Structure formats: structure tokens, C-alpha cells
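Let's walk through this one together, starting with how the copies are arranged and then zooming in on a strand.

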There are 2 protein chains.
Amino acid sequence: MQQALIQNAAIKKLIESYKTIWSLNHVSALAFWDMNTYMPLEGAKGRGEALGKIALLTQQAFLDKSFIDLLSAAKSQHSLNEYEQAVIRLLQRSLKFYQALPPDFIEEFVRVTSEAHFSWKAAKEQSNFSLFEPHLQKIVELTRKKASYLGYKEHPYDALLDEYEEELTTKEVEQYFSELKEPLIALLKKIRSSRNYKEEHALENLDYNVENMKRLTNQLLATLHYNMDHLRVDVAPHPFSTTIGVGDTRITTRYEGKDFARSYSSTIHEYGHALYDLQTHEDLYYTPISGGSSLIIHESQSRFWENFIGKSLEFIHALYPELVQMQPELKNYTPEQIHHYFNIVKPSLIRTEADEVTYHLHVLIRFEIEKALIDNKVEVKDLPALWNKKYKEYLGITPPNDSEGILQDVHWSQGSIGYFPTYSLGTALSAIWKSHLEKELGPISALVSSKAGLKQIQDWLKEHIHQYGSTHTFGDLLRKKSSEPFSSKYLLDYLTDKYTTIYSL
Amino acid sequence: MQQALIQNAAIKKLIESYKTIWSLNHVSALAFWDMNTYMPLEGAKGRGEALGKIALLTQQAFLDKSFIDLLSAAKSQHSLNEYEQAVIRLLQRSLKFYQALPPDFIEEFVRVTSEAHFSWKAAKEQSNFSLFEPHLQKIVELTRKKASYLGYKEHPYDALLDEYEEELTTKEVEQYFSELKEPLIALLKKIRSSRNYKEEHALENLDYNVENMKRLTNQLLATLHYNMDHLRVDVAPHPFSTTIGVGDTRITTRYEGKDFARSYSSTIHEYGHALYDLQTHEDLYYTPISGGSSLIIHESQSRFWENFIGKSLEFIHALYPELVQMQPELKNYTPEQIHHYFNIVKPSLIRTEADEVTYHLHVLIRFEIEKALIDNKVEVKDLPALWNKKYKEYLGITPPNDSEGILQDVHWSQGSIGYFPTYSLGTALSAIWKSHLEKELGPISALVSSKAGLKQIQDWLKEHIHQYGSTHTFGDLLRKKSSEPFSSKYLLDYLTDKYTTIYSL
């Protein structure tokens with residue numbers, strides 16, 4: 001029999017006490033999922049009230065003297081293993097967060113963002129920024145306050161980054177983008193001047209039947225995954241993945257009825273997130289290190305599945321019969337043509353639909369805007385103009401309206417400022433994992449056509465990443481595989497290789 | 001401008017403090033809804049853990065010294081109005097409950113019942129009582145304990161009844177059934193010997209298309225209701241209604257693909273529950289008296305809509321085009337024939353599908369079994385045999401298997417023992433409301449064919465019942481309309497009239 005990962009009695013007692021917090025997280029995650037899927041429209045205000053109080057109870061549970069005593073007792077233990085140390089590290093991190101923020105602030109933040117979510121939805125639907133503006137104004141003010149409560153060494157934005165990615169700094173993100181930006185723009189230029197470059201692809205305009213596409217989603221998940229009793233998929237305007245409890249991870253996707261690659265990619269992307277949480281070692285269930293808390297690691301998993309598997313020629317070949325069943329017109333296209341459609345590179349307006357090359361420029365724009373907002377260098381009312389200016393500058397295009405511009409992402413309405421950079425850094429990390437995995441298992445392309453091959457990938461990811469949950473920071477996890485520091489090098493090499501082939505550069 | 005219903009400052013402070021409990025109830029209701037609709041199968045254990053902790057937090061919030069102090073301060077206030085008095089009455093009732101039950105007991109009860117729910121489901125699917133037996137054994141033991149913790153004057157079952165219906169006693173329920181039983185059996189006998197009596201109706205065996213029936217459900221709700229932004233419908237094996245928060249009430253229905261009256265009746269039944277909660281006066285939102293807590297009043301609303309509106313010839317006439325659209329074969333049946341199908345009386349196995357006459361015998365059987373269980377006069381292992389014996393005795397039929405017998409209802413798996421009697425008493429109360437409403441507005445049958453007529457009914461129910469939420473016990477609410485004591489007389493008169501016509505007795 002294997003020894004349990006958590007051995008120390010003081011840590012076990014701490015985890016037992018943590019179950020109250022775990023339970024509050026459980027119901028909050030459920031309430032968030034529901035708010036984005038099934039909640040009736042008029043439930044918004046009450047949901048905001050409830051989530052505000054639940055956030056307060058969470059804070060109270062962290063600040064409870066008996067919990068703090070258990071945490072102190074655990075800290076004084078000797079020779080803890082890596083899991084036990086991680087339990088302490090993550091609980092201390094949360095405790096510090098809850099000690100820094102006043103209860104009134106926490107309740108207000110949750111209430112304001114719960115309500116803002118619905119004003120954002122309405123503003124987006126009507127493409128009218130002014131409906132969302134006062135809510136965003138409030139959120140930005142609260143976020144500035146949050147940064148000062150949380151504290152930082154160099155830049156207030158550091159405090160926000162750290163919330164999503166432990167220890168990540170503004171300087172590191174700036175450094176990362178400074179290496180990535182020029183080569184990406186150069187690659188984009190090369191692609192745009194290739195003979196194979198096209199502004200339009202017929203499949204982008206193909207209308208699809210939503211019911212059939214839903215069946216394809218289910219088929220796709222049944223192909224990718226090995227157990228549908230702990231995973232489900234629903235519909236949400238902005239797809240996401242969430243782990244609600246043990247054996248209960250949920251993804252969402254969307255169906256616009258057009259350009260089916262978007263729905264397809266969303267599903268596989270979110271599946272990559274889900275798999276990370278689902279493959280945590282079972283000894284870590286109900287502990288603070290179950291599932292992933294590093295958003296960079298998380299995104300490295302979603303982008304891994306989305307780009308290396310979902311968009312690979314070999315997987316499309318394997319799924320071809322199901323694709324044709326979904327939409328009979330697809331029989332007029334070869335798998336190679338569908339593969340090309342899935343991998344079109346061109347400047348576009350919507351981040352979540354962007355190709356792998358321009359994607360990072362979308363993230364860079366948000367990073368620059370957020371930094372300026374937190375630095376008081378731009379006002380909320382001027383955001384639509386700033387947004388459009390940056391899109392013109394980096395991508396050469398201008399959104400025709402706010403819905404496709406400043407209002408496109410859900411994040412700010414949820415108070416998630418400091419989150420976007422992890423999308424790009426996570427993608428860069430996915431390319432590093434790819435290189436390691438391929439050194440050990442051979443090319444991913446040779447594995448994606450069969451259940452057995454997919455299982456090899458899942459097992460590799462489990463062994464090197466998933467089983468640990470949040471035991472390690474992304475830097476520490478990477479160092480377990482290699483002494484090479486994190487960089488965008490693997491991402492750039494991968495993109496250059498891939499698109500040199502596709503566009504015959 | 002109208003004066004607010006809650007005026008007293010001490011009561012307002014108490015309600016503000018109650019918001020934490022309100023929020024815990026909100027997330028618990030959501031978790032329960034989710035468990036019965038969308039939760040992945042393997043989420044059961046984690047959900048049980050979380051709900052156990054949330055129940056403990058609810059208890060802690062009630063027992064919190066500052067909350068008890070606010071409640072005491074509120075109690076010492078003079079000249080409180082009926083709403084303010086009700087806030088105190090209901091909070092004291094809950095406080096008494098939480099003071100009586102030890103925290104360990106509460107957590108265990110929630111955890112055991114959350115897990116039992118899934119063993120019940122499996123047992124029902126496989127028609128195998130032994131899968132559920134150990135869980136039920138545990139639940140019965142815990143329930144006996146609960147009765148002794150809660151205390152009672154005459155019978156331990158009184159303590160259980162009181163949880164669902166304030167102050168209801170075993171003696172009262174016995175008295176009620178003793179008046180009802182013989183006349184019902186006599187009426188049933190008369191119907192069964194009528195020329196029009198049939199054991200089978202062709203429509204019972206008509207297969208329907210589930211997608212079309214779902215459309216009919218939506219149509220039906222759109223016909224009945226005036227605002228679909230605060231109400232939604234989903235699918236659950238055992239239909240229920242729940243109010244999760246302000247502006248967020250949900251019902252569920254089911255689709256077996258056969259005998260569409262079952263799905264149709266479930267939907268209208270649950271709508272009746274939902275309407276009660278939705279029509280509470282808005283000043284009572286977020287207070288303990290929002291929505292209905294008396295199950296007898298609640299059931300009087302669901303049965304009102306199910307029986308007096310949904311099963312009326314006039315409403316079926318109005319809905320006839322939609323019914324035919326749902327299932328084209330229905331054009332071969334007149335509205336009168338469909339009305340007859342909706343109102344067939346015959347002994348049957350499943351309570352929720354029983355006709356209005358035999359329904360009460362189903363409830364009586366459960367009441368007698370529960371009483372015996374709590375009295376230690378029967379053991380859990382002997383329940384299937386006892387069940388079958390009583391069905392033979394009261395209804396002359398024997399379930400062919402446990403799935404259609406002892407395992408049919410969800411209640412015991414949820415630890416709801418003492419709940420069933422409210423189904424019958426609530427139905428009797430619905431007949432009393434009918435008589436009052438008709439005295440004031442004329443026959444219901446003349447109102448159900450138009451939106452305006454339905455609105456008159458909704459407004460009447462709001463004025464006399466819904467607006468108060470849980471302000472009054474069912475006895476007090478009834479006394480506002482009449483000095484006549486509660487009895488089954490109106491129910492018996494209504495049933496005799498209705499079926500004398502339908503079966504030409």
C-alpha cells in the first residue's frame with residue numbers, strides 16, 4: 001500500500017479545520033457557475049448579496065483564532081514533506097490576503113462585481129459602454145484600494161498580479177512581452193505577405209445547426225475524456241471551467257451558430273483546464289492544494305489541449321467523421337482544409353477567437369491598459385478610445401463598436417484585473433511542456449489519433465503537473481523538469497515552425 | 001407612498017443580521033437544486049461534506065451571541081405589527097431548533113442524507129431496496145434521535161410534524177384522516193361501479209416526443225405566468241420547486257415519454273408552489289418571513305393550480321391548440337376526452353400520479369408507516385412487506401417491485417419524515433380557498449381561459465395568501481377569511497361534485 005501524501009498530524013488537523021473554508025469555496029464556485037449558466041435574470045441582486053456574505057464568512061473562517069492557532073502549530077512542525085509544506089504556504093497566502101482586506105471591503109467588492117456582471121452583459125448586448133462605465137469606475141476604484149491594502153514592492157499592479165499568480169511581478173511581465181512582441185509582429189508580417197494568406201475563409205461563414213454542434217461537443221468530450229461521471233458541459237456566453245467539488249468539475253462552451261471552430265476550440269480549451277483539476281492526486285482532495293491555483297500552469301494546460309491537440313491535423317483526421325455528421329457540408333472539405341481553417345492567422349478583434357500568433361498582442365493590449373488604469377494614467381471614461389487606438393497600433397484594425405472592443409471580455413466586470421497576462425505566459429509555458437513531453441513520448445501528433453495515445457498524454461500531464469495540484473508554484477514545477485529558466489523561446493520556435501509549414505513561409 | 005411593512009428599528013437590525021443566515025440558506029437551496037438537476041454523479045460525496053459544513057455554519061449563525069442579543073432586544077419591543085411579530089416568531093422557532101440539536105448531529109444528518117439521496121436513486125433504478133436499506137436505517141435512527149432532541153408533548157412524531165408544519169400534531173392528523181378515509185373509500189367504490197369507469201385509457205399509453213413536450217412546458221408556463229425573468233424550469237426525477245433567492249424561483253418537471261398528463265400536472269403543481277414564493281410582498285425580501293414556510297399552505301397552492309386550473313375542462317379547451325401541436329395524435333381526441341384522461345380515477349401505485357380521490361390514501365399509508373417507524377413498531381428491513389400489505393388493504397393492488405412501491409418517493413432519502421401528511425392537509429386547504437375565491441370572483445372555470453382571468457386568480461391569491469409570505473400559520477391565515485375551523489369537508493364536497501359529473505354517478 002502507498003503511503004498517504006499527508007502524514008503529519010498537525011497538518012491533518014489543519015486540513016480538517018480548513019473543511020469549513022473548502023465548503024464555502026464549494027458553494028461560491030457553484031453560485032458563480034450558476035450565475036453564468038442558469039440563474040434567472042432577476043436573481044442577480046440577491047445572488048450578489050449572498051455571495052458578499054459568503055465571502056465574509058470565508059474571511060471570518062480564515063481569521064478565526066482557532067484556525068490561526070492550528071496554522072501556527074503546523075508551521076512549527078519539522079521535516080514536513082513537499083505537500084505538507086504547500087498546505088501551509090497556500091493557507092498563509094490566503095490568510096495574508098484576508099488579513100489585509102477589511103471585511104466591508106470584501107463584501108462590497110463581491111456585491112459590486114456580482115451586479116456589474118449583469119450591467120456588463122446588458123452593455124455588451126447593446127454595445128453601449130456607458131451602461132457599464134459607472135460599474136467599471138467603481139471596480140477600478142475598489143481595485144486601486146485593493147492594491148494598496150495588499151501592498152507591493154515596486155508597482156501597485158504587482159499586488160494584483162500576485163493574486164492570480166503567486167509572486168509574478170509587473171517587471172517580469174514587461175520583460176516577457178518585450179522579448180515576444182517584435183518577433184511576433186515580424187512573424188505576422190511574414191504570414192500576411194505569404195501567397196497562402198487569405199482574409200476570409202468560407203468555413204468562417206458556414207452556419208451550423210446548434211443541436212448538432214451540441215452533439216459534437218459531447219462526442220468530442222467522450223473522445224478526449226475517460227470518465228463523464230465527474231465532468232459536465234453547459235452553455236455560457238463567456239466559456240469557463242470550474243471545479244465545484246470532489247468529482248465535480250464543469251466546463252462551459254458557447255454556440256453562436258456560425259464559425260464552429262470557436263465553439264470547438266472553447267470546449268477543448270476548457271477541457272484542458274478541467275483535466276488539470278480532475279487529475280489531482282486523491283490524497284489532496286478537500287485540501288487547499290487540490291486542483292490548480294496558479295493561473296499560468298492552468299492556462300498552460302488549456303492551451304496545450306486547444307492548440308497542440310484540438311488544432312492538430314491528426315486529431316482533425318480522427319474526428320473527421322463526427323465533423324461531417326455534425327455538418328454535412330463539411331464533406332466538401334478535406335481534413336487538411338479544415339485544419340487550415342482551424343489555424344488561420346489574421347488580425348482580428350476578439351481575443352478568445354484570435355489565432356495563436358496574434359493572441360499575445362490582444363493580451364499585451366489589456367496588460368498595458370490595466371497598468372495604466374491602476375497607475376491612474378487613464379480614466380475609465382477614456383477606455384474605449386484607448387482600446388481602439390491600441391488595436392489600430394498593434395493589429396492594424398479598429399473595432400466597429402464597443403461590444404467587439406472594450407466590452408468583449410467578462411473579466412473586468414468580475415473585478416479580475418491582473419489576470420490577463422497569465423493567458424500569454426501560460427501559453428508560453430504550454431510550449432515548454434510540449435517540448436518536454438515530446439522528448440519523452442515522441443511527437444504529440446503521433447498520439448492524438450487514438451484513445452491509448454491520448455491516455456499517454458493525460459498520464460504524462462498527470463505525472464508531471466496535475467497530480468501535484470497547487471503544491472508548487474509554476475517556477476518550482478518547471479524546475480522539477482529542467483534548470484532552464486522560463487521564457488517565450490519555446491513558444492516562438494513552435495509558432496515559427498508551425499506557421500512556416502502551414503503558410504509555406 | 002405606502003408605508004414599509006417593517007418599521008421597527010430593532011426588527012430592522014435583526015433582519016440585517018439575519019442576512020448571513022439568509023445567504024447560507026440561499027447557497028444551500030442552490031446546492032440542493034443542483035444536486036437534483038445537473039450535478040455530476042461523482043460529486044455526491046463532496047456535496048454532502050459541503051452541505052454538512054454549511055448547515056453547521058447556519059447553526060453557528062443562529063447561536064451567535066450577538067444574533068441572540070438582537071433577537072432578545074427585538075422581543076422586548078412594544079406594539080409591533082403582524083409582520084414584525086412574525087419575524088420574531090419564526091426566528092425563535094429556528095433558534096429553538098438549533099439550540100436543541102447538537103452540531104455533530106446536524107452535520108451528520110446532512111451528510112448522511114446527501115449521500116443517501118444517491119443510494120436511493122440507484123436502488124430505485126435497480127428496484128433493489130437492499131441498496132437503500134442501510135442508509136434508511138441510519139436516517140430512521142437519526143430521526144428518532146432528532147425527535148427526542150426536539151421534544152414533544154404526546155407523540156415523538158409530533159416533533160417531526162412540527163418541523164414541516166408549525167404546531168401540527170399526530171392527533172390532529174389522525175382526526176383528519178379518520179374523517180376523510182371512509183367517505184373517500186365510499187366515493188372510490190361508487191366511481192369503480194359506474195358505467196363510465198375504465199381501467200385503461202388510450203392516452204395513458206401514448207408515447208410523446210420529449211422535445212415537443214418540453215416546448216409545451218414552456219408554453220404552459222408562458223400562458224400561466226406573467227414574468228419569466230424570475231422563474232425557470234429544469235428536469236428532475238422527482239419534481240420540486242425551490243426559491244433560491246430574490247427574483248429566483250425554480251421548478252422542475254420530468255419527461256418519461258409516456259402518459260403526458262404526469263409531466264403536465266407536475267409542471268402546473270410546481271408552478272403553484274413557485275407563485276406563492278414569487279408573490280410575497282417585496283418589503284419581506286431577505287427576511288425570514290419571505291416565501292412560504294408552512295407546507296400545508298404551500299401545498300394548498302400547488303394543488304390549487306394542478307387540480308382546479310390544470311385539470312379543468314375550460315383550461316384544457318384554451319390550451320388545446322398547443323396540446324395538438326405537441327402531439328398531433330391528440331387531434332383525434334376532443335378537449336372533453338382529454339379532460340377525462342386528466343381526471344381518471346383508479347387505484348394506482350404511484351402517489352404523485354394518483355388521481356384526486358385515491359391520492360389521500362397514498363398519503364395515509366405513508367403517515368401510518370412513519371408513525372410506526374418512529375414508534376419502533378416496525379423495522380426498516382420489514383418496510384417493503386408492510387408497504388405492499390397496506391397498498392393491498394387500502395387500494396386493492398400490490399406493487400410488482402420496490403421501485404414502484406417502497407422506493408418511489410424521494411423524501412425519506414432526504415430525511416424528510418413527517419412531511420407527507422402536509423400533502424393531504426394542503427389539498428384539503430386548497431378546496432377551502434377555492435370556495436372562498438369563488439364566492440368573491442365567481443367560478444374558477446370561468447376565469448381560466450384568459451390571461452386576464454388567470455391574473456384575477458393570481459391577484460386574489462396574492463391578496464389573501466401570497467403577499468404575507470410566512471407571516472401567519474395556516475390556521476391564522478385561514479381565520480383571516482373565516483371563523484370556520486379547518487376540515488376536510490370542502491375537499492369531500494368538491495370531490496363528490498366533480499366526480500359525480502365526470503362519472504355520471
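What follows goes from the symmetry to a strand and its neighbours.

A word on conventions: this is a predicted model, where local features need pLDDT of at least 70 and side-chain atom pairs count only at pLDDT 80 or more, while totals for chains, interfaces and linings use all residues. Residues are numbered from 1 along each chain as its sequence is written, chains are lettered from A and ligands numbered from 1 in the order in which they are written, and side-chain values use heavy atoms, with hydrogens and water left out.

Take chain B and turn it by 180° with 0.0 Å of shift along the axis, and it lands on chain A with an RMSD of 0.0 Å (a least-squares fit on the C-alpha atoms of residues with pLDDT of at least 70 in both copies). The two copies are thus related as by a two-fold rotation axis. Both use the same surface, since 100% of chain B's contact residues recur in chain A (contact means heavy atoms within 4.5 Å).

Now look at strand β3 of chain B, residues 248–253 (strands are DSSP runs of E, at least two residues, numbered from the N terminus). Six of its six residues are buried, so β3 is largely enclosed by the rest of the structure; buried means under 20% relative accessible area, with a 1.4 Å probe and protein chains only. In a regular strand, side chains alternate between the two faces of the sheet. Here B:Asp248, B:Arg250 and B:Thr252 are buried on one side, and B:Thr249, B:Ile251 and B:Thr253 on the other.

What about its neighbours? Strand β1 of chain B (residues 231–235) runs parallel to β3(B), joined by five bridges (strands pair if DSSP finds at least two bridges between them), and B:Arg232 has B:Arg250 as its bridge partner. Strand β2 of chain B (residues 241–245) is antiparallel to β3(B), with four bridges, and B:Gly245 stands opposite B:Asp248. β2(B) and β3(B) form a hairpin with two residues between them, and B:Gly247 in the turn has a positive phi of about 70°.

Key: Buried means under 20% relative accessible area, exposed over 50%, partly exposed in between (1.4 Å probe, protein chains only).
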